[in-house]
Amino acid sequence: MRSADAIVKLLIENDVEVIFGVPGDTSMCFHDALSNHSDQIKHIVCRDERHAAYMADTYARVTGKPGVVDVPSGGGILYAVPGISEANSSSIPLICFSSDISMASEETGALTELKQEELTKSITKWNTRIKLASNIPQLIRKAFRMATGGRPGAVHISIPENILEEDHDFPFLGESRRETSFKSFPNQIDVEKVYKMLTTASRPVILAGGGVHLSAAYDELEHFSNKYTVPVATSINGKGSLAETSPHAIGVIGVNGASDETNSIMKNADFVLVLGSKLNNVTTMNKGIFSHSPKVIQVDISEEMLDLNIRADVAIMCDIKSFLATLDSEILKNNIDVTQKFQEWNIWYQDAIKEKFSRVVTEVEKETNNVNPARVIDLLDKNTDENSIFVIDAGTQTPYMASNFKIKKAGRKTVFDRGHGNLGYALSASIGAKVANPKSKVFSMFGDGSFAMSVGELETAKRLGLPIVFMIFQNNSYGWIKKLQQLYFEERYIAVDFDKIDAAKIAEGFGLKSLKIDRNDKLEEGLKWAMEQVSPVFLDIHIDPITDIVPPVTNWRHDSKIDPKDRVALTY
């Protein structure tokens, strides 16, 4: 059997239904093999390798299965680097296959030659190069184990052209064997320690990170929070771990998309159970929300994350779903009712959340010269259902969405590229989300800086007939950077402004219906029109200049009210 055909059969064996990619000279054999199995694997050709990787990344986030991307040698693997690295940093299971020049052409200065293993070593959980056709089954299966096991991540397999073309007798194909990730369970002694700390606490909080999504521990978290009346805060990546309509949902904490109210709850807690969060400076406000020294329990699937940024009183390496179930059993075994002692705490934090959203109403109602971004999020919150998915680029839209939008049903309903905060992510990544969940309405939210980096994938969305609502937030600048210059560099603006573009007309050039919205009174009608369309649609939303607004970034809102000389920018 030709090696390329064996690889495709192994992908089918591991339940791969979709591949995102771009063809090249060295990958011709692989794509020929795919054409023989087009009824089992759908190949989606993209306009750029970076965006193919972003699509695979978000496909994985939405389905929980590994996303697969294929790219050619040379520029192909080089262009895929941002997408591979974002998935790896965000603990997303992604498998990148790159074809390479024939082994006989190595060290000859051949076109597209580069050392692919060295290139991707620092941005993957595991990478390899297949040098013998006989190793294909074991290495493909290992790739799926590595991508999904423990702390998930990106893996990369480089396959020389001559290996793809080689015929070999593969005796282990056809076993119908699917690789599964390994789960670990908590140590009973650790669980007992946590139980004693929780039952002696007065003001407990759960901080849910992206690990809750990876563990799919939604039912366990909801059950635990409701049963013991313990409030749940989230990082941006953890948003949606608990439905934010729950009376025990605090919302996002930290810097980006948090508020004084949500952070004050964390700062008053005497017990913090951290579930699958890196606890980086954005989430912890440069460790400020732990400055009062609460008892900290950190649960994570990866030993790399434990005690990394905050010293934990108890650090537990295990699967979050199994931990919550085991802790619940421990409380039941001891027949202790902790809800009575948390009543006063419940009243206090729920009042704080009510205060936050009363303030948000005032911000939404504020009249602005162009569109008020807070009003966009408010209308999305009121007019979308619990299954809608939002893919959000770094920029102005991120803190508004993280802070003000309420997830109606637990799950990864908001996708933020918080590994690196890459511009140009959301437009293409939303295609991966829609392919992953065709029945959900998908919204893609990005700024004009991001739009210029990803516009070509509008053709992909149109070709596939995907009814995505693309939303550009135009303020004619790299808004986030310009805000930093305004607040911390005495309003010295450099390299942040560009000319206004007619994004609506550009979208029309790709065959999309579009609408320009530059006033608040046009917003609701325009949004409802876009949601009714059965093909991709583009909303060109003109928001106020970033220098005229202060998005819900906690240090920005604080620093905008004090003397510039007393301001200190956050260190990531």
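A residue is counted as buried when its relative accessible area is under 20%. By this criterion, in the predicted model described here, strand β16 (residues 469-474) is mostly covered, with six of its six residues buried. The covering applies to both faces of the strand: V469, M471 and F473 are buried on one side, and F470, I472 and Q474 are buried on the other. In a regular strand, side chains point alternately to the two faces of the sheet.

Strand β16 has a paired strand in β15 and another in β18. Strands β15 and β16 run parallel and are joined by five bridges; within this pairing, M445 has M471 of β16 as its bridge partner. Strands β16 and β18 (residues 537-542) also run parallel, and six bridges join them. Here the bridge partner of I472 is D540 in β18.

One residue of β16, F470, also stands out in the nonpolar interior. The largest nonpolar core contains 45 residues, of which F20, F470 and F538 touch the most other members. When neighbours within four places in sequence are left aside, the contacts of F470 include L427, S430, S444, F446, L458, A461 and L512. Its remaining contacts under the same condition are P536, V537, F538 and L539. F538 therefore appears both among the contacts of F470 and, with F20 and F470, among the residues that touch the most other core members.

A UniProt record (unreviewed entry) lists residues 393-541 as "domain: Thiamine pyrophosphate enzyme TPP-binding". Over this range the chain is 41% helix and 17% strand, and the C-alpha atoms at its ends are 15 Å apart. A second annotation in UniProt, "domain: Thiamine pyrophosphate enzyme central" (unreviewed entry), covers residues 191-327. For residues 191-327 the helix content is 35% and the strand content 20%, with the end C-alpha atoms 6 Å apart.

Strand β10 (residues 271-275) is likewise mostly covered, five of its five residues being buried. F271, L273 and L275 are buried on one side of β10, and V272 and V274 are buried on the other. Five bridges connect β10 to strand β7 (residues 204-208), and the two strands run parallel. In this pairing, L207 stands opposite V274 of β10. Strand β11 (residues 295-300) runs parallel to β10 as well, and five bridges join the two; F271 has K295 in β11 as its bridge partner.

Burial was also examined in a helix. In α2 (residues 28-35), the buried residues are C29, F30, H31, A33 and L34. The elements that cover these buried residues include the helices α1 (3-13) and α7 (161-165) and the strands β1 (18-21), β2 (42-45) and β3 (67-71).

A search of the whole structure finds twelve aromatic pairs. One of them is formed by W345 and W348, which are stacked, with 5.5 Å from centre to centre and 10° between the planes. Because W345 and W348 are three residues apart in helix α14 (residues 343-365), about one helical turn separates them. The two residues are reported with separate accessibilities: W345 counts as buried because its relative accessibility is 5%, whereas W348, at a relative accessible area of 37%, is partly exposed. The rings of F390 and F443 are also stacked, because their centres lie 5.0 Å apart and their planes are at 15°. F390 lies in strand β13 (residues 389-392) and F443 in strand β15 (residues 442-447), so this pair ties together parts that are 53 residues apart in sequence. Both residues of the pair are buried: F390 has 1% relative accessibility, and F443 has a relative accessible area of 0%.

The ring pairs also form a cluster, in which W345, W348 and Y349 are linked. Charged side chains are placed over aromatic rings as well. The charged end of K406 sits over the ring of F357, at 4.2 Å from the ring centre. K482 lies over the face of Y493, 5.1 Å from the centre of that ring.

How values were computed: Residues are numbered from 1 along each chain as its sequence is written. This is a predicted model: local features need pLDDT of at least 70, side-chain atom pairs count only at pLDDT 80 or more; totals for chains, interfaces and linings use all residues. Side-chain values use heavy atoms; hydrogens and water are left out. Rings of Phe, Tyr and Trp (its six-membered ring) pair if their centres lie within 6.5 Å; planes under 30 degrees apart count as stacked, over 60 as edge-to-face and the rest as tilted. Helices (H or I, at least four residues) and strands (E, at least two) are DSSP runs, numbered from the N terminus. Buried means under 20% relative accessible area, exposed over 50%, partly exposed in between (1.4 Å probe, protein chains only). A charge sits over a ring if NZ of Lys or CZ of Arg is within 6 Å of the ring centre and within 35 degrees of the ring normal. A nonpolar core is a set of buried Ala, Val, Leu, Ile, Met, Phe, Trp, Tyr and Cys residues joined through side-chain atoms within 4.5 Å. Contact means heavy atoms within 4.5 Å. UniProt positions are given in the numbering used here, feature names are shortened, and annotations may be inferred rather than shown by experiment. Two strands pair if DSSP finds at least two bridges between them.
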